[in-house]
Amino acid sequence: MTSNIEQLKQSLKQVNAKYAGIKNVPPTERKAFGVKLNREKQKILDALDQALTAQTSAEVEPIDLTAPAAPNQPLPQLRRGTKHPLTTEIDRVVDIYSRMGFQIVESRQLDDEFHMFDSLNFPPGHPARDGYDTFRTSEGFIPPAHTSTMQHRVLKGHRSDLENGGQIAVVMPGRVFRNEDVDATHEHTFYQCEGVFVSAGANLGQMLGLLRQFFETYYGQKLNIRTQPGYFPFTEPSLEFLIEKPATLGATGWLEMLGCGMIHPNVLKMAGINPDKYRGFAWGGGIDRLVMLKYGLSDVRYFESAKLDFLKEF
């Protein structure tokens with residue numbers, strides 16, 4: 001094999017040397033002379049390429065893909081993969097709301113100006129429309145900064161449930177994106193869960209009871225709750241929902257968990273729902289923070305770090 005390759009290389013050198021003699025060929029014959037040499041050279045190059053490929057293949061030791069390990073070697077210690085902790089906890093959140101009677105609709109990861117702002121009663125000059133807070137693509141699409149982008153679709157899509165004497169009860173988990181400076185408590189990519197409930201008699205008391213039930217189920221303990229005033233363009237009144245610190249933290253005090261409130265009449269109107277006949281409430285909060293509190297984690301960046309030492313703990 002090696003000797004054949006050397007012969008081909010030598011033949012290639014001889015052909016290249018012939019090119020130098022083209023100056024001694026009559027002008028009328030130079031074209032034919034060059035064509036002949038080029039064909040001869042290409043033939044040698046093709047043969048050389050085939051020989052080199054065959055040599056490389058011959059040097060590769062065949063592998064038995066069906067063998068469990070190399071001969072006379074111990075079997076590798078394999079570790080079964082597990083779900084990412086966020087995936088596990090999202091499933092847990094969805095399961096709780098499902099058992100409470102809510103339908104589940106997954107949020108989108110790319111949306112538009114209308115669903116991000118206009119349908120949610122954001123005024124034209126609202127700071128959230130600025131590029132400093134919200135990512136945008138060159139085509140004008142928006143990676144959602146909150147799962148509230150799904151509210152209009154859900155309200156409009158389930159409007160017939162109200163007209164048939166029922167109610168709208170939907171929860172929307174999904175990934176969101178914000179132009180944040182990343183640190184131990186802030187990430188540019190994280191998960192939220194949004195919920196909406198609309199009926200003829202929806203009220204704040206129902207909302208607070210529902211949220212309390214959710215957090216007590218999630219953390220497995222009785223919790224005191226309280227609210228404080230907030231502001232969101234798509235709810236009125238708007239509240240911030242707080243719980244007392246779970247026992248898993250070994251501390252006392254209050255933690256703000258999510259924003260909530262009665263759905264603004266303008267949002268209902270945008271979806272074709274009569275606010276004089278129907279009322280609703282909505283809420284939304286981060287799932288990453290739920291998990292951090294549950295397991296006593298100090299840095300939100302662990303979730304997106306892909307560090308096996310961290311993931312193996314789950």
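Two strands count as paired here if DSSP finds at least two bridges between them. With that in hand, let us walk through this predicted model, starting at one edge of its sheet.

**The sheet**

Ile104 stands opposite Val171, a residue of β2. The two strands concerned, β1 and β2 (residues 168-177), run parallel and are joined by two bridges. Stepping back, the open sheet has seven strands, ordered β1-β2-β3-β7-β6-β5-β4, with mixed pairing. At its edges are β1 (103-104) and β4 (225-229), each of which pairs on one side only.

Further into the order we meet β7, with β3 and β6 as its neighbours. Eight bridges link β3 to β7 in the antiparallel sense, and β6 also runs antiparallel to β7, through four bridges. Here are the three strand pairs side by side.

| Strand pair | Bridges | Sense | Example of facing residues |
|---|---|---|---|
| β1 and β2 | two bridges | parallel | Ile104 and Val171 |
| β3 and β7 | eight bridges | antiparallel | Val196 and Ala282 |
| β6 and β7 | four bridges | antiparallel | Cys260 and Trp283 |

How well covered is β7? Six of the eight residues in β7 are buried, so the strand is mostly covered, where buried means under 20% relative accessible area.

**Helices on the sheet**

Helix α3 (residues 85-99) packs on the sheet and touches β1, β2, β3 (189-199) and β7 (279-286). The direction of α3 makes about 5° with that of β3. Another helix, α7 (residues 204-219), lies across β3, β4, β5 (235-244), β6 (254-263) and β7. Relative to β5, α7 runs at about 30°.

**Where two helices cross**

Besides touching the sheet, α3 meets helix α9 (residues 287-295): their axes come within 10 Å and cross at roughly 100°. Because angles of 65 to 115 degrees count as roughly perpendicular, α3 is roughly perpendicular to α9. On the α3 side, the contact involves Leu86, Glu89, Ile90 and Val93. Their counterparts in α9 are Ile287, Asp288, Leu290, Val291, Lys294 and Tyr295. Sorted by class, this contact has seven nonpolar residues, three charged ones and no polar ones.

**A loop residue**

Finally, a look at Thr137, which sits in the loop between α4 (113-116) and α5 (151-157). Is Thr137 buried, partly exposed or exposed? Its relative accessible area is 26%, so Thr137 is partly exposed. Thr137 and Leu12 are 125 residues apart in sequence, and their C-alpha atoms are 54 Å apart in space.

Key
Residues are numbered from 1 along each chain as its sequence is written. This is a predicted model: local features need pLDDT of at least 70, side-chain atom pairs count only at pLDDT 80 or more; totals for chains, interfaces and linings use all residues. Side-chain values use heavy atoms; hydrogens and water are left out. Contact means heavy atoms within 4.5 Å. Axes are lines fitted to C-alpha atoms, for helices over the stretch in contact, and angles run from 0 to 180 degrees between N-to-C directions. Angles under 35 degrees count as roughly parallel, over 145 as roughly antiparallel, 65 to 115 as roughly perpendicular and the rest as oblique. Ala, Val, Leu, Ile, Met, Phe, Trp, Tyr, Cys and Pro count as nonpolar, Asp, Glu, Lys and Arg as charged, and the others, Gly among them, as polar. Buried means under 20% relative accessible area, exposed over 50%, partly exposed in between (1.4 Å probe, protein chains only).
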